[in-house]
Structures are given as C-alpha cells and as structure tokens.
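Got your viewer open? Let's take a walk through this one, picking out one piece at a time.

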Amino acid sequence: MFIQSFGSSSAGNSYLITDNNDINESIVIDLGINIIKNIEYLSTLLKVKYVFISHEHSDHTKYLKTFLKFNIKTKVIINKECFNELARYDSFYERIKHRFIFLNYGEYKEIDFLTVWAFKCNHNSAANNGYVINFINKNKKILFFTDCGSLDLKQFKNINFKNINAYLIESNHQEKNPSNIKEDIQQSKWGHFSFKQSAEFIDWVKMKIKNNYQEIKPLFVLLHTSYTYEKQLKELDKNLNVDFVRLERIVPTLIKLN
Ligand SMILES: [Zn+2]
C-alpha cells in the first residue's frame, strides 16, 4: 500500500491511500485539491469508493463537489456538523445527501472493506474529525488528523496502538509568542498542531507501544506544514527519533506503507 499526498498545507490538502495490486480498496482523505487533474491516477480515482472529510474548510473540501461528479459511486464519510455547513452554502450537497455517511465523534462503523472510528480535533470549524481507519483485508491501520489546535488523549482509551501502522498527524508551526492575529489563532487550542505538540504525540504513542516499538516500527507522516515555518520545522524535525516523513506543502509526495 502507499499514500499519495497531492499537497498538504493551507494551499490545499488531499491524500490517496491505495494499493497497486488492488485499486478497488482505495480511499481519499480530504479534497482541497483538484486531484482528477493527475492523469496517471485517473483509473484509480474512478475506483475510489470512500472519501473521508476532516472538516469543512475550503482547503479540505474545495474540490469535493468536482470529485463527486467525476466519480458518481463515491460515498463520503463526514461529521454531520461539517455536512450541514457544506449544505448551507451549496444545495448540491443536500441533493446528494444519500451519498454521505455520517460519523460523529466517538462513533465506530464497519463500512464495506473498512472499519472506521472518528475522534474530535479542536479547530475553528463546525467540527473536525480525526479517523482511525482499518483496511480489513490488508491488515493495515492508519490514524489521521489535521488542523487540530488541541487533542484530548482520553478519547483514545480503547484504542490499541500496537496495530496501527501509520500516523498521519499535523505538524504545522513552531511555537513562539504570537505577534499578530493570524499567529494568535494558529497557536490557539482551536488552531493548528505545533511541532512541539506533534513531537509530544509521537512520544505518547511510543510510550503506548513500549517494548513493541522496534517490531511495529510505525511510520509518522507530518502534515499541513505552514509556509512561514517550513524552514524552522525542517530543522526541528532532526530531533525526531522515529521513522517519519514530512510531506511537501505543494509538491506531491509518495510514501510507501510497509
Ligand atoms: Zn481548517
């Protein structure tokens, strides 16, 4: 399996998770980029059965409508509050409501070849779902969250971290004293995950899997890098003592999932 990031920043976010040997079990997370422009992926994108939406902000949903018109079989997994927000501004979504599967915080569902659990990410949106997605037939599990000012770890009390293969988590900026309103929001508990928060989350996961770390060797994928802090973050990344990849902000990045 692999993860194709088409971009991971406030300029637009979208990720395809697929398997060359079996494109029938492909998913897309967020659609803030017009990914159907990628000719080499057209046949795979036509097979995508499920799109996951984190939250309604346009850098995550701008091209959702385009995609749903392109692939008329795709269903969307989304928090109900985010759906309401999308439908409020575009009646298209209300008309195709039957193609949406609502998953609110703490809810778990078996959907076709997946099991999915949603958790709450604090952000200045109507809602923001993080997801633990299990590809049943591949025995692969990922944990995903983006645009998260703060995260209540108590939510994860029933999650077994020993069988999670990859963590796609936000690592947006370097913490410092905010010098303007934009930074104030970015660093608030309703803003974005800082490098420090992502590093602490990684340490917390390592603690959870303790002695099994070497054997599991989960991959950490760092998302949604802020343009302003890109240089500083790449410097800070050198302190991370794990297998990780920081996605490029605009340029596509391909990551193999062992
Ligand atoms: Zn956002």
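**Starting in the middle of a sheet**

Select residues 166-170, which form strand S11, and show S10 beside them: the two strands run parallel and are joined by four bridges. Keep in mind that this is a predicted model. For a landmark on this pair, pick Phe 145 and look across to Ile 169 in S11, which stands opposite.

Now colour S10 itself, residues 140-145. Is this strand mostly covered or not? Mostly covered: five of its six residues are buried.

**One step to one side**

Add residues 129-135, strand S9. S9 and S10 run antiparallel, with five bridges between them. Find Tyr 131 and you'll see Phe 144 of S10 opposite. Then follow the chain round the hairpin from S9 to S10, where four residues sit between the strands. Stop at Asn 139, which has a positive phi near 55°.

**One step to the other side**

Go back to S11 and add residues 219-223, strand S12. Here the pairing is parallel, with five bridges. Glu 170 makes a handy marker, since Leu 223 in S12 stands opposite.

What lies across S11 and S12? Select residues 195-209 and you have helix H7, running at about 155° to S11.

**The whole sheet**

Time to show every strand of this sheet. In what order do they come? S7-S8-S9-S10-S11-S12-S13: seven strands in an open sheet with mixed pairing. At the edges are S7 (108-111) and S13 (244-246); each has a single partner strand, so one side of each lacks a neighbour in the sheet. Look along the sheet and check the twist: ignoring direction, neighbouring strands are turned by 15° against each other on average.

While you have side chains on, remember that in a regular strand they alternate between the two faces of the sheet.

**Zooming out**

Next, highlight residues 11-173, the stretch that an unreviewed UniProt entry lists as "domain: Metallo-beta-lactamase". That stretch is 18% helix and 30% strand, and its end C-alpha atoms are 15 Å apart.

Finally, show everything. The protein holds nine helices and 14 strands. Its radius of gyration is 17 Å, close to the 18 Å that the globule rule gives for 258 residues, so the protein is as compact as a globular protein of that length. Turn it around and you'll find that the C-alpha trace spans about 45 × 45 × 35 Å along its principal axes. Colour by burial to finish: buried residues make up 43% of the 258.

Definitions and conventions: Residues numbered from 1 in each chain as written. Predicted model: local features only at pLDDT ≥ 70, side-chain atom pairs only at ≥ 80, totals over all residues. Rg over C-alpha atoms; globule rule 2.2 N^0.38 Å. Buried ≥ 20, exposed ≤ 12 C-beta atoms within 10 Å, placed from the backbone. UniProt positions renumbered as here; feature names shortened; annotations may be inferred. Pairing = 2+ DSSP bridges. Axes fitted to C-alpha atoms, helices over the stretch in contact; angles between N-to-C directions. Contact = placed C-beta atoms within 7 Å.
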